[in-house]
Amino acid sequence: MNCELLATCSALGYLEGDTYHREPDCLESVKDLIRYLRHEDDTRDIRQQLGAGQILQNDLLPIITQHSQEKTLFDACIRLMVNLTQPALLCFGKVPDEPAVRHHFLQVVSYLQAYKEAFANEKVFGVLSETLYNVLQLDWEQRQEEDNLLVERILLLVRNVLHIPADPNEEKNVDDDASVHDKLLWALHMSGLDDLIKFLASSQSEQQWSMHVLEVVSLMFRDQTPELLVSAGQARSTQEKQKDAQELEALRQKEQAEKRSRTLQRGTRHSRFGGSYVVKGLKSIGENDVIYHRGLHNFKSYSHDVGKAVHRVPKRKRHARDTDAKRRSALNVRLFLREFCVDFLENCYNHLMYLVKEGLVREQSQQHDETYYLWALSFFMAFNRGNGFRPDLVSETMSIRTFHFIERNITNYYEMMLTDRKEATSWSRRMHLALKAYQELLLTVNEMDRSRDENIRQSANVIKSNIFYLMEYREIFLTLLRKFDETKQPRSFLRDLVESTHLFLRMLERFCKGRSNLVVQKKRVKRKKSRRKPPAPERTPEALEEMWGVISQSLRESGFQLSESLAEGLVPFDAASETPLEEQRTEAMVRVQDTLLNRLGPEALGLLRAAREVWPEGDVFGSADVEPEEELELLKQILFAELPRPAVPEPAIEEEEDGELEVEEELESVRVSETEFNFMDFIKRFANSNIVRPYLLLLRPYSQNSPHTNHCITRMLHRLAVDLKMDALLFQLSVFSIFNKILADPAAAAYKELVTFAKFVLKRFFALAAKNNKAYVELLFWKNVGAVREMTEGYRRPGEGEESKKAKWTPEEEQELQTLYEEHRDSGVPDIVEYLLPLLGNTSRTRRQVVAQMVSMGLVDSVKDLKKQRKGTGIILWTEEQEDELKMLFDEFRDSNDILGNILRKVTAKRSRARLVEKLLSMGLVSDRRQLYKKRQRNPNAPSKSSAKSSAKRSAMTEEEFLADLTNGPTEEAIDSEDEGDEEDDSEESEEEQERQDPAAGRRRSRGSEKKGVEKNASLGAMVYTLRQEGLSGPLLWLQNCLNRTADEREDEDSFQPIPLVPLTEENEDAMEIKSFQGLLQKIGIRAPADEQESFWRIPAKLKPSQLRGAAAALSCNEEPPAVEQGSEQPRSPTQLQAEANSHDQRSQALRALLLARKRKQPGSASPEYPAIEHMDTDHPPQRSSEKTSTKRSRAVLLDSDDDEDDHCLTMDLEVGEEADSDQEADSAPAKRRRQRVLIDEDEDD
C-alpha cells in the first residue's frame, strides 16, 4: 500500500475487541480517502489497495455502527462506502479484453464480494434503517438538502451491495441452503429496511425515489422465480406431485432401457481379448476397409472423428450462452420474499409503476432504466397469476399503452443489436427482458379470458380485439423468428419466443372461432415518385425592362401612396428566425426583389420603407428624406441586381438530352387499410425455412426441454405439415437426423407426441419417394413454398412459365410454327419472332409464348438466340480521332444558333444527342448543357410584343372585349373538340391498362389503330389545304418536323413517353391557339392538355414511329384542293338557322339594356371607346380565342427546327394574314377572371 494511503488509513482509528476507537483526525482521514479515490488511475489502484487492506470491514462498518450519532462523520463514511461498493463494470466502463486490465477488473470484483459478505450483518442494516427512518419522519418543510442527499446515498449503498455478483467458486451450496445473498436479504429483513422500501414505493410524498426503489426491489429478487415464491410454505398440490412422478417414471424407463441394451450387446462371459474386425463397405483413408480393434458392443459409438483434433469454432460463430442461473433460496428467505411480494402488489405496484413509466416517457431517467420496469412487470404479474390472480392489483400495466411501449422497445433493441455489434450481447439481454414482459402480458390477458367475472372477460376481449387488430402486434413474432441469430441470442430467448408465439396463435385462433369475420388493420408501404417543379427560367434584360415598365407605371399612377393596411402589415424581418436581426438585412433585400419579380409594386415600395425604418444606418435602403423618384430608381437597382440567395439543398438531378430538367425522388408512404382476417392465411406466413429453422434448433436438445416447450414446437410443426398440408417443408436431412435421434432414444415413451409426429412425417416422405426419385436429393436443401409444390406436384420444364402452362399448343399449331420458322429462317429478317407473330393463325399468342414454344420444340437452342435486337450505333468508346473531330466541329459551330444540331449532321461516328452532350461536358468544351440549347429566333414578319404599352393593354381588358366575350359563347366545334379530347384521354388510359393485363389484346388493338390511322390520314387533305390557304404553312412544317424527329428518337428507344409540343416562335404559338389547327392536332392523334397542370399538347406514348411518319407524310406540301367527299358536310336546316338567329337577337337585347343602364349612370361621360350596340355585328361574332398556356420546361422539349427535312418542303409562307395580328390574339388571363375584374370595376363605380 502507498505510504500516504497507509498513513491516512492508520489515522482512522483501531478496533480493540468489539469496540472501535477512532482517532481525532478520523473525519479528515475519511475525506482524504474520498479525495484519493477521485484521482485514481485506470487500473483503480486506490480501490484495490483499500480492498486489500480491508478498510471497509475493519474501519468503516465499525464506525457507522458505533459512532452513528456523529452526523458529519456518518455522512462522510456513507459517501466513502458508496464509492467503494460501486460496480466494477461502472468503474472500468466495460469488461476489459486485455489480459492485464482484465486482471485488475477481476481483482476489484473479488474485493466487492468480500464487502458483500461483510454487509450481511443485522447491526449494519439496523443502523441504516434507523437513520433512514429518522429522516423520513421529517416533513418536507423541515428537511434540509443534506437529509435528501443522505436518503439517496443510503439507497445507493443498498443497491450497490445487492448488485455485487456471487462468487461461484466459494458458493457451491445446494438448493434450500443460505447463500451470501440470502444472508444479506435476511439481515435487511430483520432490520426492517424492507418495510421502509415499501413505504417509499407507496408514499405520495416520496415520489422522487421511485426509480431507486425499483432498482433495489429488482436486485432483491435477482435469483428468484415467481413460481418458487408462490409455492413457498404451501403444501404440494396433486398436480405437482403427479408431474414429479411422471418425470421420475421417465428417468426410470430411460435407465432400464439403457441397462437392457447393454445386456443384449455383450455376452454373459467376459472375453479377455477385444478382438479385431473388418467393417465391410466402410472405407478407411486408403482403399481398404476399416479395421475395428474393439468389441462389437462398442461399435455403435464408432465415428471417423475419433482421435481427431477438435475444430475450434471462431468466436463470432459461437452460440450465445445463457447467463441467468436460478437457484432455490432458504425457506425462511423465500417466505419473507413471498410476503413482501403480496404487500408490494396490494399497496405499491400500481403507484410505483405509474411513476416509473412517466419518468421513462418524459426521459427523466438514466439510460437503460426501462429494463427495471420490464423486469418488474414480468415478475410481479407472473406472481399475481400464481397467487390467486387479482387483475385489479396489476391494472396499471394492463393496457394497450403498455403493449405499445414494449413493442417499441423490442424494435429499438433489435435495431441497436444490428448497429452496435460490440454491445450486441447486452442489447440481446434487454430484448429478452422485453419479450418476457410481452409474454407475461399475453398470459395475463389469457388468464382474464378464463375468469368467472363477466366484466373481467369483457375487458380481456377489448384488449384482445385491439392487439389482434393492429398489424404491429401480429407481426412481431414473425419478425423475431425470422431474424433470430443464435450467435447473439441464447436458447432461453428462443424458448420464450417459441412459447409466446404458441400462446399468441392459440389466443388468436380461439378469438377467430367465435366470430364470423374479423376485420384487422393492414399497412402497405407504397413507394411513389414525386416530381419537383422545374426551376424558373433565367431573367433576361428584355423581360426585366418590360416588367419594370409595368411596375413604374403602376407606382406613378398611385402617386407613391400606400394604403394604411398595406403599410402596417408589412414586416421586413422574421422575428421567429434564429438569424440575428442585423444579419437579416440581405434577406430583406431579396424579399423586395422577389416582390418586384411578382409585379407587386406597392408591396415592394412598402417593404423598402419598412426596411429603411429597421436598418437606417448606412442608407442601404435610402435616406430618411428620400424623394419618390429616388425611391423608384432604388427599386429599379434592386430589381436588376444579382443578389446572393441562400443555397437550397436539392437532390442530384438528371438532365435529358433535349435540355429539360426533372427531379424524381422516391417517397415511402404507408397506406393503412382494413381487411378481413383469415387465420389460415396468417399461418401460411410461418411456412418459411427461416422460421422453421429456429424451431428445429430448439428441438435438437429435446431431452433438456420442458414438456411444454416440446409441445409448442410440435404444435407449430403440426400446423405446417397437417393444417397447411406442407409436410414437404420438413423433408430436410437435419430434421430427419433429429427424428432419428428421438426414435432411437430408449426413453422415447416419455415423448409420445414427438414420436407420433416424427413417424407421420417419415411415412409421408417415403410415400413421396416412391413417386419422386429426386426426393432423396431434395433432403439436402431447405425449400420454399414453390419448391415444395414442385416436389409434391411435379417439376416444370425449363423455360416453362405460368403463361405457357395456361396456353396449350395443339399439334397443328406446333406444325404451323415449325413450318413458318423453317420457311423464313434464312430470309434475313432482323427479328424473326416479330415477323412470325402476324402470320400465325392464333393471333392471341404473345412474343414470350412463341419464344418459349420454339425453345421447347428445339427450333432454337436458347432464348438468347431470339433476343430482341436493340437499334443503335453500338459505339461505346471514343477514339482520339473522334474526340479531335468533335472538338473541331464544336469550334466551327460555336457561334451558330444550333450547335448540337450542326454537330449531329457533320459528325462521322453517329451518336445520340445524350452521348454528344455528355462528351462535350466531360471534355470541358461547355460548362452547362444549357449552352447547347437551340437559340430562339424571332419571326421578322410577326408583330412585336416588347413595348410596355402593348403588354399593359393586353393585361387589362376593355368593356368591348368583355361584351364580345358575352356575345360569343363557346362554339359547338370547341365543345365537341374538348369532349373528344377528354374521351381520347380516358380511352388512352383504359387501353394502356388493358395492354398491361392482356398483351395480345394490346397487339390487336394496335393493328386496328394502324388501319384507323391510315383512314384518318386520307381525310387530312382538306384540313391541311385549308390551313395552308390561311397562311399556316410555317406551323405545319414545324409540326411535320416534330413528328419526324419523335419517330427517329422512338426507333432508338424501348419505352415511349409522351412528348410535349413546345412552340418557341410567335407564329407557331399563335397557330396552336387557332381552333382549326387544334382540330388538325386531334385528328392526327395528338393529345390536348389533360388538366391545369399541363400546358402543352403532347404526342401520346402509344403512337409508334410508323404512325408518326404516316401522320407527317399526310402534312406534306399539297397545293391542290382535295376532292370533297360526298356527305362530308350536311347543310343546316331552316329551323336550326332560325334558332341561331333568335339566340343572337336575345343576346343583343340584353347587351343593349346593359349599355343603356351605364349611360344613365354617367350621362356626361360618353367615351368613344364604347361603340353603340347597333354597330355591333351580331351576325358574325368574332372567334373567341382559347386560353393561352404558359410555357414551362417539361420532360422533353421539341425545338423549332426544320433542318432535318427535305428541300422540297422548305418553302414557308411568311405572309401571315390579318387574323394573326397581335391585337386580336387571346389574352393570357382566363375569360372567367377577366369578367370578374370588370364586374369589380362596376361595383366600384356604383
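R44 counts as buried, with a relative accessibility of 18%, and its backbone does something a bit unusual to look at: phi is positive, about 55°, although R44 is not a glycine. You'll find R44 in the loop between α2 (26-38) and α3 (45-52). Keep in mind that this is a predicted model. The chain runs to 1246 residues, of which 41% count as buried, and its secondary structure comes to 52 helices and nine strands.

**Backbone and overall contacts**

- F389 is another residue other than glycine with a positive phi, here near 50°.
- F389 sits in the loop between α17 and α18, and at 12% relative accessibility F389 counts as buried.
- For the chain as a whole, take the contacts with a separation of 6 or more: 75% of them come from residues 24 or more positions apart.

**Helices α18 and α19**

- Helix α18 (residues 400-419) and helix α19 (residues 424-449) have axes that come within 9 Å and cross at roughly 155°.
- That angle makes α18 roughly antiparallel to α19, because anything over 145 degrees falls in that class.
- The crossing of α18 past α19 is left-handed.
- On the α18 side, the contact is made by T402, F403, I406, I410, Y413, Y414, M416 and M417.
- On the α19 side, the residues in the contact include W427, M431, L435, Y438, L441, L442 and V445, with R430 and S428 also taking part.
- Sorted by class, the contact of α18 with α19 has 17 nonpolar, two polar and one charged residues.

**Helices α5 and α9**

- Helix α5 (residues 71-84) packs on helix α9 (residues 145-163) at an angle of about 40°, and their axes are 9 Å apart.
- That puts α5 oblique to α9, since 40° is neither under 35 degrees nor in the 65 to 115 range.
- Here too, the handedness can be stated: α5 passes α9 in a left-handed crossing.
- From α5, the residues that meet α9 are K71, F74, D75, I78, R79, M81 and V82.
- From α9, their partners are E146, D147, L150, R153, I154, L156, L157 and N160.
- The residues of the contact of α5 with α9 divide into eight nonpolar, one polar and six charged.

**Aromatic pairs and a cluster**

- How many aromatic pairs does the structure hold? The count is 30.
- One of them is Y349 with F380: the ring centres are 6.1 Å apart and the planes stand at 55°, so the pair is tilted.
- This pair links distant parts of the chain, with Y349 in helix α16 (residues 349-361), F380 in helix α17 (residues 370-386), and the two positions 31 residues apart.
- Y349 is buried, with a relative accessible area of 0%, and F380 is buried with a value of 0% as well.
- F739 and F757 form an edge-to-face pair, 6.2 Å centre to centre and with 85° between the planes.
- F739 lies in helix α31 (residues 733-743) and F757 in helix α32 (residues 752-769), so this pair ties together parts that are 18 residues apart in sequence.
- F739 and F757 are both buried.
- Y349 and F380 also belong to one aromatic cluster, together with F221, F340, F344, W375 and F379.

Definitions and conventions
Residues are numbered from 1 along each chain as its sequence is written. This is a predicted model: local features need pLDDT of at least 70, side-chain atom pairs count only at pLDDT 80 or more; totals for chains, interfaces and linings use all residues. Side-chain values use heavy atoms; hydrogens and water are left out. Axes are lines fitted to C-alpha atoms, for helices over the stretch in contact, and angles run from 0 to 180 degrees between N-to-C directions. Helices (H or I, at least four residues) and strands (E, at least two) are DSSP runs, numbered from the N terminus. A crossing is left-handed if the near helix is turned anticlockwise from the far one by less than a right angle, and right-handed if clockwise. Contact means heavy atoms within 4.5 Å. Ala, Val, Leu, Ile, Met, Phe, Trp, Tyr, Cys and Pro count as nonpolar, Asp, Glu, Lys and Arg as charged, and the others, Gly among them, as polar. Rings of Phe, Tyr and Trp (its six-membered ring) pair if their centres lie within 6.5 Å; planes under 30 degrees apart count as stacked, over 60 as edge-to-face and the rest as tilted. Buried means under 20% relative accessible area, exposed over 50%, partly exposed in between (1.4 Å probe, protein chains only).
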